[in-house]
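The following exercises are to be worked through with the sequence and the three-dimensional structure at hand. Each task is followed by a stepwise solution.

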Amino acid sequence: MDVAAIQAALAEQQLDAWLLYDFRGSNPIARAVIGFDESQIGTRRWFYLIPRRGEPVALVHVIEPHALKGAPGKSVLYRSWKELEALLRQHLQGLRRVAMEYSPGAAIPYVSRVDAGTVEMVSATGVEVVSSADLVQVFESRWTPEQKALHDRAARDILLAKDEAFAL
């Protein structure tokens, strides 16, 4: 994950932060952006705040303190949902516009990964939750050069197989 590139995109899009969230695999976008270790079991909610400026912060449950191991920044542990709400309020203080995997009216279902209750909980801290669709397009939906090369190879091989089948 390239935090500096994400922070530059946040500045460009006039966003204060990107708040990634997951609960039991409900948000594959957040997991992919962070590089979540899929070999581990994640049974508790976690948030990962990437501010426009400064160090990212992971909010993870005390039962799973290593849920976001390897992600840049610091980790803060919570024990109860009340403590989680207080930590969210603390870390979102002073921010105005925060992107999440949310799509107004579910217009882009691929991006609409955060449930309404979680959006309400985050909004209750005083921030405006906006869609992360443009960030997702840049940081998750684009192929890497290796993926593009693999796709080109597969397309070439399929065309070759088709040509050979018709030649028979």
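**Exercise 1. A salt bridge between two strands**

Arginine 97 is partly exposed, at 25% relative accessibility; here buried means under 20% relative accessible area, exposed over 50%, and partly exposed in between (1.4 Å probe, protein chains only). The model is predicted, so local features need pLDDT of at least 70 and side-chain atom pairs count only at pLDDT 80 or more, while totals for chains, interfaces and linings use all residues. Residues are numbered from 1 along each chain as its sequence is written, and side-chain values use heavy atoms, with hydrogens and water left out.

Task: Determine which side chain meets that of arginine 97 in a salt bridge.

Solution.
1. The partner is glutamate 128, at 3.7 Å from N to O. A salt bridge is a side-chain nitrogen of Lys or Arg within 4 Å of a carboxyl oxygen of Asp or Glu.
2. Arginine 97 belongs to strand E5 and glutamate 128 to strand E6, so the pair ties together parts that are 31 residues apart in sequence. Helices (H or I, at least four residues) and strands (E, at least two) are DSSP runs, numbered from the N terminus.
3. Glutamate 128 is partly exposed, its relative accessible area being 42%.

**Exercise 2. Two further salt bridges**

Task: Describe the salt bridges of arginine 52 and arginine 31, among the six that the structure holds.

Solution.
1. Arginine 52 pairs with aspartate 16, and their closest N and O atoms are 3.1 Å apart.
2. This pair links distant parts of the chain, 36 residues apart: arginine 52 is in the loop between E2 and strand E3 (57-61), and aspartate 16 in the loop between helix H1 (3-12) and E1.
3. Arginine 52 is partly exposed at 23% relative accessibility, whereas aspartate 16 is buried at 12%.
4. Arginine 31 meets aspartate 22 at 2.7 Å, N to O; both residues are buried.

**Exercise 3. The faces of helix H4**

Task: Identify which residues of H4 are buried and what they pack against.

Solution.
1. The buried residues are Thr118, Val119, Met121 and Val122.
2. Viewed down the axis of H4, these buried residues fall within an arc of 160 degrees, so they line one face of the helix. The arc is that of the directions from the helix axis to the C-beta atoms.
3. They pack against strand E1 (17-22), strand E2 (46-51), helix H3 (81-92), E5 and E6; contact means heavy atoms within 4.5 Å.
4. Exposed Ala116 and Glu120 sit on the face turned away from the buried side.
5. At the N-terminal end, aspartate 115 caps H4, with a side-chain oxygen 3.2 Å from the backbone nitrogen of glycine 117.

**Exercise 4. Tyrosine 102 and serine 132**

Task: Is serine 132 buried or exposed, and which residues does it contact?

Solution.
1. Serine 132 is found in the loop between strand E6 (128-131) and helix H5 (133-139), and is buried, at a relative accessible area of 1%.
2. Beyond four places in sequence, its contacts are Trp18, Ala99, Met100, Glu101, Tyr102 and Val111.
3. Tyrosine 102 lies in the loop between E5 and helix H4 (116-123) and is partly exposed at 26%.
4. The C-alpha atoms of tyrosine 102 and valine 114 are separated by 5.8 Å, although the two residues are 12 residues apart along the chain.

Notes
Polar contact = N/O pair within 3.5 Å; in protein donor to acceptor, adjacent residues only side chain to side chain.
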